[in-house]
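Student: I would like a close look at one part of this model, a sheet, and then at the chain around that part. Please take it step by step.

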Amino acid sequence: MKYHVREVRVVDNVKTGGDIYLLTLAAPAIAAAALPGQFIHLRCGEGLDPLLRRPFSIYGVDRKNSLVQTWYQVVGKGTDLLRKAKAGKTLDVIGPLGKGFFTDIAGRNAGLVGGGMGIAPLMFLGGELAQNNRVHSFFGVRSKAQLPPGLSFPTPLVATEDGSAGRRGLVTDVLEQELQRQKMDILYACGPRAMLQQVVKLAQKYDIPLQVSLESAMACGVGACLGCACEKSGADGESWLKACQDGPVFWAAEVKWE
Amino acid sequence: MKPDLTVFLAGIKMKNPVMTASGTYGFGDAYTDFYALGELGALVVKGVTLEPRRGNPPPRLAETPAGLLNSIGLENPGVEAVLKHYLPGLSQAGTPVIVNIAGNSIDDYVRVAERLHASPVVKALEVNISCPNVKCGGLAFGSEPGMASQVIGAVKRHSRLPVIAKLSPNVTDIGEIALAVEEAGADAISLINTLVGMKIDIKKRRPALANLVGGLSGPAVRPVAVRMVYEVSQKVKVPLIGLGGIITAEDALEFIMAGASAVAVGTGNFINPCCCREIIAGLTAYCETNKIANITALTGAAWRYDDGSC
Ligand SMILES: Cc1cc2nc3c(=O)[nH]c(=O)nc-3n(C[C@H](O)[C@H](O)[C@H](O)COP(=O)(O)OP(=O)(O)OC[C@H]3O[C@@H](n4cnc5c(N)ncnc54)[C@H](O)[C@@H]3O)c2cc1C
Ligand SMILES: Cc1cc2nc3c(=O)[nH]c(=O)nc-3n(C[C@H](O)[C@H](O)[C@H](O)COP(=O)(O)O)c2cc1C
Ligand code: FES
């Protein structure tokens, strides 16, 4: 896998609801190589504060037009700068980085479980899987404004905290109801740790293979700094999983959850 | 005419004065998709200990204004695994390979150094007596001249390889430590390792790092590092490797003019993965513009303004 370091052009950077934005970049090399679950590592500004790059999942790729999208929430300095990047501006982006989701399946029932901004990588994944599989998605957000735009697979079952869309409550409850109704062949999840832990339990209970995408603070994004260590399961607990290089996607069984 | 960037340091010939900083470049494998290792003046790999080390629990990183706090804690697979799995692949690196070593006791340092003789790839040892992220060892050896000189002296006696002492800035008198390691036989000195620092997460009302404290690096520490290079380079005869917050060729030039013979880039690689390559190009351009035939002429260029009041 080759990385690409590019000055890429902002094509669009628009609010999709609340404090969440959809960034579209003209990045041919990244668009050509990107796989669902991979991320890009970008400098939000040109100055030295914030100093580090910020990782964002690849939300969508338009290979024909060489576009790459990320969908981000403004949570701090970096994302607040990014929000102000206008169309035409160039950004310093490297990617695609990391190991993506296992997508070597066909004719299957695939379940996508996303919480908050963890929905982002599942949007790219869902679009790819839907070409050869039946995609069932379960999205949990605070309220309606946090739902993602531009769906390319069947409508998700939604749970909101405030009841403004779908069901009020937890996405994992919606997931379990569906698991009681029909068998899933594989699950993919990304979201807050507490949600992931619950999905891990459900996957065990219903005996379904599960892949998770983990988040961790990152500096280099390419395996050089050892900053993004995540705990491994089992006897192999001597070393760590590097979220940036071994992941961010892992089989749930590789990760220590307690 | 193309300026000559060659420098000789600790018996090693380097095609340019730009090296990588230990712990920020893995074992040379992380950045090869951006440019070839052979472009570097030298490659300094991650700190290696006798036994494998698990390092500290996450979170291990916290960002501060123009700085990075890390508490990796010398995670490494141990010297045997490094000899077996990492060093052989570097035989074609096209650049001198320097292994950074650390230990909990003088005996540890000596044994790692001796084991590394087994590898024809290793051109020098950089002895880390300055890691702020491990409970015993590391910094404990670097904060007192007597201890510093014992470690460096012991490694020097047992090693046929050139020895570079990497010093900590977390000391009262850096000059005193530098003189001690020079006397103990160090062939060169690296200045600086990270500064002990801390960040509090005010949302969680707890330290941002699981290890509570970490080592500060990046542009935030550069003035501290430049001052130490300036002071030490005028006290010792051995060459210095200057590092701490270097991102651009201008930053590197500051260190060289302060008295460094070579520079190393750490956190800068995370910001710009092509950092080292661009610094090398920038140094070449500076020498061309200013008609400097050999970059060594710039080492200590800023000294002559010293009236002794520093
Ligand atoms: C592999 C990977 C993929 C990611 N994909 C996306 C994505 O698609 N969309 C998206 O919006 N975000 C994503 N993130 C998170 C994103 O990187 C952070 O939100 C971003 O770095 C914050 O930068 P900042 O400077 O705005 O915030 P900072 O100033 O760094 O932090 C501001 C506040 O936000 C908190 N914060 C920082 N990082 C995170 C985080 N990862 N999760 C929750 N809180 C955080 C901090 O603790 C702090 O309180 C991803 C992270 C990883 C590791
Ligand atoms: C993530 C990280 C890991 C590091 N690991 C080591 C190490 O193993 N041994 C060592 O001597 N220094 C280590 N350092 C210190 C650097 O080599 C360097 O001295 C310091 O970061 C200052 O340079 P910089 O500002 O260019 O990063 C590490 C620094 C960072 C940021
Ligand atoms: S972020 Fe540096 S190793 Fe993963």
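Tutor: The model is a predicted one, and chain B is the place to begin. Of its 310 residues, 63% count as buried, where buried means under 20% relative accessible area. About 11900 Å² of chain B is exposed, and 55% of this area comes from carbon and sulfur atoms.

Now the sheet. Four strands of chain B form an open sheet in the order S5-S6-S14-S11, and their pairing is antiparallel. At the edges lie strand S5 (61-64) and strand S11 (195-198) of chain B, each of which pairs on one side only. From one strand to the next, the twist averages 40°.

One pairing in this sheet can be followed down to residues. Strand S6 of chain B, residues 67-70, pairs with strand S14 of chain B, residues 213-217, in the antiparallel sense and over 3 bridges. To find this pairing in the structure, look for B:Leu68, which stands opposite B:Ser217 in S14(B).

Back to the whole chain. Chain B contains 9 helices and 16 strands. The radius of gyration of chain B is 18 Å, and the globule rule gives 19 Å for 310 residues; the two values are close, so chain B is as compact as a globular protein of that length. The C-alpha trace of chain B spans about 50 × 50 × 45 Å along its principal axes. Sequence separation can be followed through the contacts: among those in chain B between residues at least 6 apart in sequence, 71% join residues at least 24 apart.

Terms used
Residues numbered from 1 in each chain as written. Chains lettered and ligands numbered in written order. Predicted model: local features only at pLDDT ≥ 70, side-chain atom pairs only at ≥ 80, totals over all residues. Heavy atoms only, no water. Pairing = 2+ DSSP bridges. Helix = DSSP H or I, 4+ residues; strand = E, 2+ residues; numbered from the N terminus. Axes fitted to C-alpha atoms, helices over the stretch in contact; angles between N-to-C directions. Rg over C-alpha atoms; globule rule 2.2 N^0.38 Å. Buried < 20%, exposed > 50% of the residue type's maximum accessible area, 1.4 Å probe, protein only. Contact = heavy atoms within 4.5 Å. Areas by Shrake-Rupley, 256 points an atom, 1.4 Å probe, with all protein chains shown as cover.
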